[in-house]
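Me: Can you walk me through a two-chain model? I'll ask short questions as they come up.

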Amino acid sequence: MIYLDNAATSGKKPKNVVAAVTNTLINLSANPGRSGHKLSERAEMLVYDTRNKISNYFGASGPEKVGFTANCTMAINAVIKGIVSKNGHIITTDFEHNAVMRPIVTNGYNYTSVSVSFSDKSKTLNEIEKAIKDNTELIIVTAASNVFGFVTPIKEIGQIAKKHGIPFAVDGAQGAGVIDLDMKKNYIDYLCVAPHKGLYSPSGIGILIAEKNIKNTLIEGGTGSDSVNLFQPRFMPDMIESGTQNLIGIAGINAGIDFIYSNKNLYKKEIELASILYDQLSRIEGVVLYTKKPVINEFVAVVSFNIEGLSSQKTAALLNDSSIAVRAGLHCAPTAHIKMKTIDIGTVRISIGYFNTLQEILSTVSVIKKIAKRRKNILNE
Amino acid sequence: MQRYKVSVQTATYAMKGKELLRRNRISAEIERRTEDIGKYGCGYRIVFNDDTEETGIAILKRNGIRILNIKKEAVL
């Protein structure tokens, strides 16, 4: 199978990640830090070492700011529900994933969805600054679009947030491990990460790095700390880590970060392939593209397209018949599709990862070409 | 010279405290706290020898380590 659904999860995990996970399962099956025996302490050391690595990688102020959640969506929920009061106002963008939009809308928060201009960054920044109200309590934006690949001007938005004293959160699901999400450099107060994507780690775990306080808890339970107190701890990371941590996932993150460090050309490689893919697709009659060619720092390696006359789901199904894995539809980001006017048909999304090769891209293009050529016949079937 | 047993709030702070002290050339270990369970719940403490100026304690406090209590005993 040619796996081109890396925005959903990285399809191939590096050998060191697999080894770390296996080793943990076999040799370190203990509850980290909760019991007093050596195995529990060794497990806790792994957890602490991983917090340290994450803190260093993302430019956080210390390992104690790093917490583990069930996934990135839970981390985002912890931030939104943890910080914003009932009468508070949130600023976000018009191409967010449902992980950001659903907590905001379902819980009835007052919000402004700022229209992002992909051709004029200053226009976007002006709109964000204009949207600030007296009761704005959070600015939360995605680092990069999971559908169209655009990278948000994180640093500049962070500067605006800092200037106005407003907490700034970033949904790093698509950007982490690829673009620069250094929290200090980019004025990020809360960073939510999906390690199973850009950090090449197992799924079932998320990261929340919180440099500022979180007022409200999301879930409460045993933390192995302050255990005589029936109230949930109010400090990171324990505040957000009720229950047993996903030690296998944590071991995977530890190794995943090592993998990223040892492959510094990762982003460049992915964008080069995305760029070649885009060029090839743009030459096929009947293929519709929605953005300009992906370039480094402006895009992550995600290309969305359609074939005229075919539904995105049909195209994806045909690719699947040729053992090519992509994702079609709305990608849990309806607002992005509304913005790009693809809400009625969705798009076929190709998302490239480190392990994809030029040959795979060219083979995929060849299949798409055949589908596009036959599209009128397919419609009649 | 005194031996200090500094109870901290969480395993994370215990590990961070130990790392901080070691970076400042104070040899430290972590152990499971055996008393005050009813007062503080289960937890860890950082154990190290320190001088009379309490350099190590100052390092921990300066770096935001959440300290629950400090016990000291003379080192023979």
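Reply: What follows takes the interface, then chain B, then some salt bridges and buried residues.

Me: Ground rules before we start?

Reply: This is a predicted model, in which local features need pLDDT of at least 70 and side-chain atom pairs count only at pLDDT 80 or more, while totals for chains, interfaces and linings use all residues. Residues are numbered from 1 along each chain as its sequence is written, chains are lettered from A and ligands numbered from 1 in the order in which they are written, and side-chain values use heavy atoms, with hydrogens and water left out.

Me: How many residues of chain B are in contact with chain A?

Reply: On the chain B side there are 17, and they meet 22 residues of chain A. Contact means heavy atoms within 4.5 Å.

Me: And what area do chain B and chain A bury between them?

Reply: About 1600 Å², with 53% of it on carbon and sulfur atoms. Buried area here is the accessible area (1.4 Å probe) that two parts lose on being put together, summed over both.

Me: How many salt bridges between chain B and chain A?

Reply: One. A:Glu64 pairs with B:Lys16, and their closest N and O atoms are 2.6 Å apart. The criterion is a side-chain nitrogen of Lys or Arg within 4 Å of a carboxyl oxygen of Asp or Glu.

Me: Which elements of chain B supply the side that touches chain A?

Reply: α1 (11-23) and α2 (37-40) of chain B each give at least two residues to that side. The largest share, six residues, comes from α1(B). Helices (H or I, at least four residues) and strands (E, at least two) are DSSP runs, numbered from the N terminus.

Me: How do the residues on that side of chain B divide?

Reply: Seven are nonpolar, five polar and five charged. In that scheme Ala, Val, Leu, Ile, Met, Phe, Trp, Tyr, Cys and Pro count as nonpolar, Asp, Glu, Lys and Arg as charged, and the others, Gly among them, as polar.

Me: Is A:Arg51 buried or exposed?

Reply: A:Arg51 is buried, with a relative accessible area of 1%. Buried means under 20% relative accessible area, exposed over 50%, and partly exposed in between (1.4 Å probe, protein chains only).

Me: Where does A:Arg51 lie, and what does it touch?

Reply: A:Arg51 is in helix α2 (residues 38-57) of chain A. Leaving out residues up to four places away in sequence, A:Arg51 touches several others, including A:Phe68, A:Pro237, A:Glu241 and, across the interface, B:Thr12.

Me: Switching to chain B. What is the order of its elements?

Reply: From the N terminus they run β-α-β-α-β-α-β, which makes three helices and four strands.

Me: What radius of gyration does chain B have?

Reply: Chain B has 11 Å, which agrees with a compact globule of 76 residues, expected near 11 Å. That radius is taken over C-alpha atoms, and the globule rule is 2.2 Å times the number of residues to the power 0.38. The C-alpha trace of chain B spans about 30 × 25 × 15 Å along its principal axes, and 46% of its 76 residues count as buried.

Me: Back to salt bridges. How many over all chains?

Reply: The structure holds 24. One of them joins the side chains of A:Arg349 and A:Asp5, at 3.1 Å from N to O. A:Arg349 lies in strand β13 (residues 347-351) and A:Asp5 in the loop between β1 (2-3) and α1 (15-27) of chain A, so the pair ties together parts 344 residues apart in sequence. Both A:Arg349 and A:Asp5 are buried.

Me: And which residue does B:Lys5 meet in a salt bridge?

Reply: B:Glu31, at 3.9 Å from N to O. B:Lys5 lies in strand β1 (residues 2-8) of chain B and B:Glu31 in strand β2 (residues 28-32), so this pair ties together parts 26 residues apart in sequence. B:Glu31 counts as partly exposed, at 27% relative accessibility.

Me: Which residues are linked with them in a network of salt bridges?

Reply: B:Lys5 and B:Glu31 are linked with B:Glu35, B:Asp36, B:Arg45 and B:Lys71.

Me: Last one. Where does A:Ser145 lie, and what does it touch?

Reply: A:Ser145 is in the loop between β5 (136-142) and α6 of chain A, and counts as buried at 1% relative accessibility. Not counting residues up to four places away in sequence, A:Ser145 touches A:Phe95, A:Phe150, A:Gln174 and A:Val300.
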